[in-house]
Amino acid sequence: MNKLDRFDRAILAELQRDARISLNELSRAVGLTSSPCWTRIKRMEADGLIEGYTVRLNAEKLGLGDTVIVQLTLDSHSDEALFAFGRALAEIPEVLDAYLVSGEYDYLIRIAVQDTRDYERLLRERLYKIPGIRHSKSSFVLRCLKNSPLPLLP
């Protein structure tokens, strides 16, 4: 991939801020004309730097007012067990992010639920039905202090 210059970084910053910005507005904001701005966007998409465009939804207004962080350990660390666990997590829509991590636990998982009862239901009906879970620890998020787009460092 090519090294990003200041125009690429400016384009990415604007798109992270508002992916629906028009090409004319974007070009004006970054100091380019439309054609080179469009060429740069297409290049960054082709290079896989821009993976897609999404909409941020308000979880609370969708009835998913609680976020739970789950630390989880598996009984086995075989390739098959890790693959099966990952596949099972992918089937649970409330699981927003799942990371295989180093340290005391194997996974760090972020889950969106309506409330504590909904989380208890999710544990009983979905999460604890996945074979091979040895231990888990859940923490309810009280407040999000920072939720930022990716930094665009030089």
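Is Val55 buried or exposed? In this predicted model, Val55 has a relative accessible area of 63%. Because the threshold for an exposed residue is over 50%, Val55 is classed as exposed. The residue is placed in the loop that runs between α3 (34-46) and β1 (66-74). Together with Leu57 and Leu62, Val55 makes up a nonpolar patch on the surface. The accessible area of Val55, Leu57 and Leu62 together is about 350 Å².

A second loop, between β2 (95-100) and β3 (107-113), contains Asp106. In contrast to the exposed Val55, Asp106 is buried. No salt bridge is formed by Asp106. Its nearest side chain of opposite charge is that of Arg134, at 5.1 Å, whereas a salt bridge requires a separation within 4 Å. The side chain of Asp106 does make a polar contact, at 2.8 Å, with the side chain of His77. His77 also appears among the residues touched by Asp106 when those up to four places away in sequence are not counted. The other residues in this set are Leu72, Thr73, Leu74, Tyr99, Leu100 and Val101.

Towards the start of the numbering, helix α1 (residues 6-17) includes Glu14. Glu14 and Leu26 are separated by twelve residues in sequence, and their C-alpha atoms are 7.0 Å apart in space. Leu26 is also one of the residues in contact with Glu14 once neighbours within four places in sequence are left aside. Ile21, Ala29 and Val30 complete that list of contacts.

How values were computed:
Residues numbered from 1 in each chain as written. Predicted model: local features only at pLDDT ≥ 70, side-chain atom pairs only at ≥ 80, totals over all residues. Heavy atoms only, no water. Patch = residues over 30% accessible without salt bridge, like charges linked within 9 Å, V, L, I, M, F, W, Y side chains within 5 Å. Areas by Shrake-Rupley, 256 points an atom, 1.4 Å probe, with all protein chains shown as cover. Helix = DSSP H or I, 4+ residues; strand = E, 2+ residues; numbered from the N terminus. Buried < 20%, exposed > 50% of the residue type's maximum accessible area, 1.4 Å probe, protein only. Lys, Arg positive; Asp, Glu negative; His and termini not counted. Polar contact = N/O pair within 3.5 Å; in protein donor to acceptor, adjacent residues only side chain to side chain. Contact = heavy atoms within 4.5 Å.
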